[in-house]
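Visitor: I would like a close look at a single part of this structure, followed outward into its surroundings. Please take the time to connect the details as you go.

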Amino acid sequence: MATINRYVGKVFHANALDLLRTMPVESVDAVIADPMYGVKALLYDWGTDPGDRDPRRHWAYHEPIYQECRRVLKPGGILAWAQGGKFFRHFGDWFGEHRVWTLTRFGENAHTAVGNMWTVQTRDQKPIEFPHRDSLVICTKPTELKRHHPCPKPVEEMAFMVEALTTPGQVVLDCFCGLGSTLVAAQQLGRLWIGCDLSRRYGRIALSRLAALQQAAAQERQGSRTGRCGTCGNHAHIKPTFLL
Ligand SMILES: C[S@@+](CC[C@H](N)C(=O)[O-])C[C@H]1O[C@@H](n2cnc3c(N)ncnc32)[C@H](O)[C@@H]1O
């Protein structure tokens, strides 16, 4: 069986179930995953959400993946699973003991905040308490990302989750990574990451965002050695830019 190092720092174009089955047992520190919600007929690159607004169908699709996620988590490892609120009454049957974390997203120019749910627990289905801090996440609107995906998560929300649930150097898996906001947040916060999505195009976009981030960091390192921008040598200030 391959070691986890073979997977770290990669975005796989695969069915999460197939990928997870190849991964070593007890090898990742956290699964922070944003699967489909099943509550709307969202159209992805490869087709429509098969949950079809039916909780049974939704869970039949996701349960084997959830169980594989638990298998690859280390003892004490943490699972956070984004949810659509409409299936709230099923969470206990599906996940056993857990806490529902509700993050409140607030756009910089918005008037009201929008709630967003996560089921959070240990590998052994023990609930994880919400951190002792405000749940408000101020987000920039992911307008550009929305052109490529029906429901990209803001990096700010993913950064909240990654920071609350892991420590630097730990391995975070998002096996439904879409355009890669979890992976970008993990990279920014010094965590190791593994991504996977059914869509090759989403995965490529995720990789381009990560590559841009790594390039900006390399330029900043070079700049901090010389006191100048690593690209043009003229500017003392280097601003990371995303390809998207
Ligand atoms: C809610 S979206 C995730 C969005 C992501 N958090 C982002 O910021 O872009 C769910 C993703 O799961 C992917 N997906 C659905 N079924 C999958 C499967 N069996 N294996 C891998 N990816 C899957 C979809 O292609 C979609 O991109």
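In strand 7, which residue is the bridge partner of tryptophan 81?

Guide: The model is a predicted one, and what follows should be read in that light. The bridge partner of tryptophan 81 in strand 7 is threonine 119. This pair belongs to the contact between strand 5, residues 73–83, and strand 7, residues 114–122, which are joined by six bridges and pair in the antiparallel sense. Another residue with a partner in strand 7 is leucine 79, which is bridged to glutamine 121.

Strand 7 also pairs with strand 6, residues 99–107, again in an antiparallel arrangement, here with seven bridges. Within that pairing, tryptophan 101 has tryptophan 118 of strand 7 as its bridge partner, and the connection from strand 6 to strand 7 is a hairpin made through six residues.

These strands belong to an open sheet of eight strands with mixed pairing, whose order is 1-10-9-2-5-7-6-8. Strand 1 (10–13) and strand 8 (136–139) occupy the edges, and because each has a single partner strand, one side of each is left without a neighbour in the sheet. From one strand to the next, the twist averages 20 degrees.

Returning to strand 5, one of its residues is glycine 76, which counts as exposed because 11 other C-beta atoms lie within 10 Å. Apart from neighbours within four places in sequence, glycine 76 is in contact with Thr122 and Arg123. Between glycine 76 and valine 11 there are 25 Å, C-alpha to C-alpha, for a sequence separation of 65 residues.

Helix 2, residues 55–72, lies across strand 5 and strand 2 (28–33), and its direction makes an angle of about 150 degrees with strand 5. The loop between strand 4 and helix 2 contains arginine 53, a residue other than glycine whose phi is nevertheless positive, near 60 degrees. Most residues other than glycine have a negative phi, which is the background against which such a value may be read. Arginine 53 is classed as partly exposed because 15 other C-beta atoms are found within 10 Å.

Strand 4 itself, residues 47–48, includes threonine 48, which counts as exposed because it has 12 C-beta neighbours inside 10 Å. Once neighbours within four places in sequence are set aside, the contacts of threonine 48 are Ala41, Leu42 and Leu43. Its C-alpha atom is separated by 17 Å from that of lysine 146, a residue 98 places away along the chain.

A further positive phi occurs in the loop between strand 7 and strand 8, where glutamine 125 is located: the value for glutamine 125 is about 60 degrees, although the residue is not a glycine. Glutamine 125 is exposed, because 12 other C-beta atoms lie within 10 Å of its own.

The interior gives the other side of the picture. The largest nonpolar core comprises 52 residues, and those with the most contacts inside it are Val31, Ile32, Cys69, Ala80, Val172 and Cys175. Isoleucine 32, not counting residues up to four places away in sequence, touches Ala80 and Val172, along with Met161, Val162, Leu165, Asp174 and Thr182.

Thr182 leads on to helix 6, residues 181–188, which is largely enclosed by the rest of the structure because seven of its eight residues are buried. Those buried residues are Ser181, Thr182, Leu183, Val184, Ala185, Ala186 and Gln187. After helix 6 comes glycine 190, with a positive phi near 75 degrees.

Ser181 brings us finally to the ligand: of the 22 residues around the ligand, Ser181 is among those that come nearest, together with Ala16, Asp34, Phe176 and Gly178. Helix 1 (16–22) and strand 10 (192–197) each contribute at least two residues to the shell around the ligand. Sorted by class, that shell consists of 14 nonpolar, five polar and three charged residues.

Note on methods
Residues are numbered from 1 along each chain as its sequence is written. This is a predicted model: local features need pLDDT of at least 70, side-chain atom pairs count only at pLDDT 80 or more; totals for chains, interfaces and linings use all residues. A nonpolar core is a set of buried Ala, Val, Leu, Ile, Met, Phe, Trp, Tyr and Cys residues joined through C-beta atoms within 7 Å. A residue is buried if 20 or more other C-beta atoms lie within 10 Å of its own, exposed if 12 or fewer, and partly exposed in between; C-beta atoms are placed from the backbone. Two residues are in contact if their C-beta atoms, placed from the backbone, lie within 7 Å. A residue is near a molecule or strand if its C-beta atom, placed from the backbone, lies within 6 Å of it. Helices (H or I, at least four residues) and strands (E, at least two) are DSSP runs, numbered from the N terminus. Ala, Val, Leu, Ile, Met, Phe, Trp, Tyr, Cys and Pro count as nonpolar, Asp, Glu, Lys and Arg as charged, and the others, Gly among them, as polar. Two strands pair if DSSP finds at least two bridges between them. Axes are lines fitted to C-alpha atoms, for helices over the stretch in contact, and angles run from 0 to 180 degrees between N-to-C directions.
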